[in-house]
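Colleague: I would like a close look at one part of this model, and then a sense of what lies around it. Please keep it plain and brisk.

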Amino acid sequence: MTLKGKTAVITGSNSGIGLGVAHELAKAGADIVINSFTDTDEDHAIAKDIADTHGVNCRYIQADMSKADQCRALIEKAGVCDILVNNAGIQHVAPIDEFPEGKWDAIIAINMSSAFHTTAAALPLMRKAGWGRVINVASAHGLTASPFKSAYVAAKHGVVGMTKVVALETAKEPITANAICPGYVLTPLVEKQIPDTAKKYGMSEEEAVEKVLLERQPSKEFATTEQIGGTAVFLCSDAAAQITGTTISVDGGWTAL
Ligand code: NAD
């Protein structure tokens, strides 16, 4: 399986799942566009590392996924986008009656609306190229809910819904649109929560992982960024050409409960 000659644009890809997906797609031969809103030396070093490690072209393009015009500008600057991975995301946890309005707006913008803007800008490029893959990194929270995550759950359900619409609008073309729905993945974001959770519950870090963080993940194991990346590579393969408008859970059984 080679993705040589294809270019993948991955939003929010200077850490965690986005970075893992970038490495797996590059390993399969795709040229890569890395994105975040930060534009640091480290961001450019990450792009160089991907290029050097996998022998592909890799560019860093700064764009803030909370801004519609910057979402579209990311795709315009990339110039080519055969594979679009909508991954940028943030989280905030609070009861709905205390949920800050600004956090609601930011989560809806970054986790959901950005995928609308990038997809709208990328589809003409995919049509021109005669091939395309839209891969939305949703969540188990795109299929189920948890308390205190109103904005995140709403945004992720929204992404799953939009994925189906994109699939229907492109059904007769060599373009597919799907959502990957991870359970808990051990990213820097989640790693940071382990000591705090252990302290809060008076548990060891191991207990905090099993009894609190992975409470709803029956495998009691984190999914890995490589596994999410591998799922993205599969969705780009010929075997997946008729898989469109659906969700693929990578959640250790969470949504089977
Ligand atoms: P992370 O914090 O490591 O990565 C988030 C990425 O989004 C970073 O690259 C960050 O730079 C980028 N980002 C944030 N705000 C941005 C903005 N305004 N513009 C551009 N980029 C921005 O977290 P992660 O765990 O890797 O999460 C990545 C995606 O996976 C998110 O959509 C998240 O909802 C989803 N997800 C994560 C998990 C998990 O357990 N880690 C589970 C399910 C779904």
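**Strand S4 and its surroundings**

Modeller: Start with strand S4, which runs parallel to strand S5 (residues 132–137) and is joined to S5 by four bridges. Keep in mind that this is a predicted model. One residue to find in this pairing is Val85, which stands opposite Ile135 in S5.

Now look at S4 itself. The strand covers residues 83–86. Its side chains point two ways. Ile83 and Val85 go one way, and Leu84 and Asn86 go the other. Are these four residues buried or exposed? All are buried. The cut-off for that word is a relative accessible area under 20%.

S4 has another partner too. Strand S1 (residues 7–10) runs parallel to S4, and three bridges join them. Here Val85 turns up again, because a bridge is a pairing of strand residues and Ile10 stands opposite Val85. So put Val85 between two names: Ile10 in one pairing, Ile135 in the other.

Follow S1 onward and you reach strand S2. S1 and S2 run parallel, with four bridges between them. Val9 has Val33 as its bridge partner in S2. S2 spans residues 31–36, and six of its six residues are buried, so the strand is largely enclosed by the rest of the structure. Its side chains also split two ways. Asp31, Val33 and Asn35 point one way, while Ile32, Ile34 and Ser36 point the other way. All of them are buried.

Step back to the whole protein. It holds nine helices and seven strands. Its radius of gyration is 18 Å, close to the 18 Å from the globule rule for 257 residues, so the protein is as compact as a globular protein of that length. The C-alpha trace spans about 55 × 40 × 35 Å along its principal axes. Buried residues are 50% of the 257. Take the contacts with a separation of 6 or more: 72% of them join residues 24 or more positions apart. The accessible surface is about 12000 Å², and carbon and sulfur atoms hold 54% of that.

Two helix residues are worth a visit. Thr231 is in helix H9 (residues 225–236). Thr231 counts as buried because its relative accessibility is 13%, and the cut-off is 20%. Beyond its neighbours within four places in sequence, Thr231 is in contact with Ile180, Ile248 and Val250. Ile180 is 51 residues from Thr231 in sequence, yet their C-alpha atoms are 7.7 Å apart in space.

His157 sits in helix H5 (residues 150–169). His157 is partly exposed, at 35% relative accessible area. Not counting residues up to four places away in sequence, His157 touches His141, Gly142, Leu143 and Thr144. Ala26 is 131 residues from His157 along the chain, and their C-alpha atoms are separated by 29 Å.

Last, the rings. How many aromatic pairs does a search of the whole structure find? One. There is also a charge to look at. Lys6 lies over the face of Trp131, 4.3 Å from the ring centre.

Terms used:
Residues are numbered from 1 along each chain as its sequence is written. This is a predicted model: local features need pLDDT of at least 70, side-chain atom pairs count only at pLDDT 80 or more; totals for chains, interfaces and linings use all residues. Side-chain values use heavy atoms; hydrogens and water are left out. Rings of Phe, Tyr and Trp (its six-membered ring) pair if their centres lie within 6.5 Å; planes under 30 degrees apart count as stacked, over 60 as edge-to-face and the rest as tilted. A charge sits over a ring if NZ of Lys or CZ of Arg is within 6 Å of the ring centre and within 35 degrees of the ring normal. Buried means under 20% relative accessible area, exposed over 50%, partly exposed in between (1.4 Å probe, protein chains only). Contact means heavy atoms within 4.5 Å. The radius of gyration is taken over C-alpha atoms; the globule rule is 2.2 Å times the number of residues to the power 0.38. Accessible areas come from the Shrake-Rupley method with a 1.4 Å probe; for residues, only the protein chains shown count as cover.
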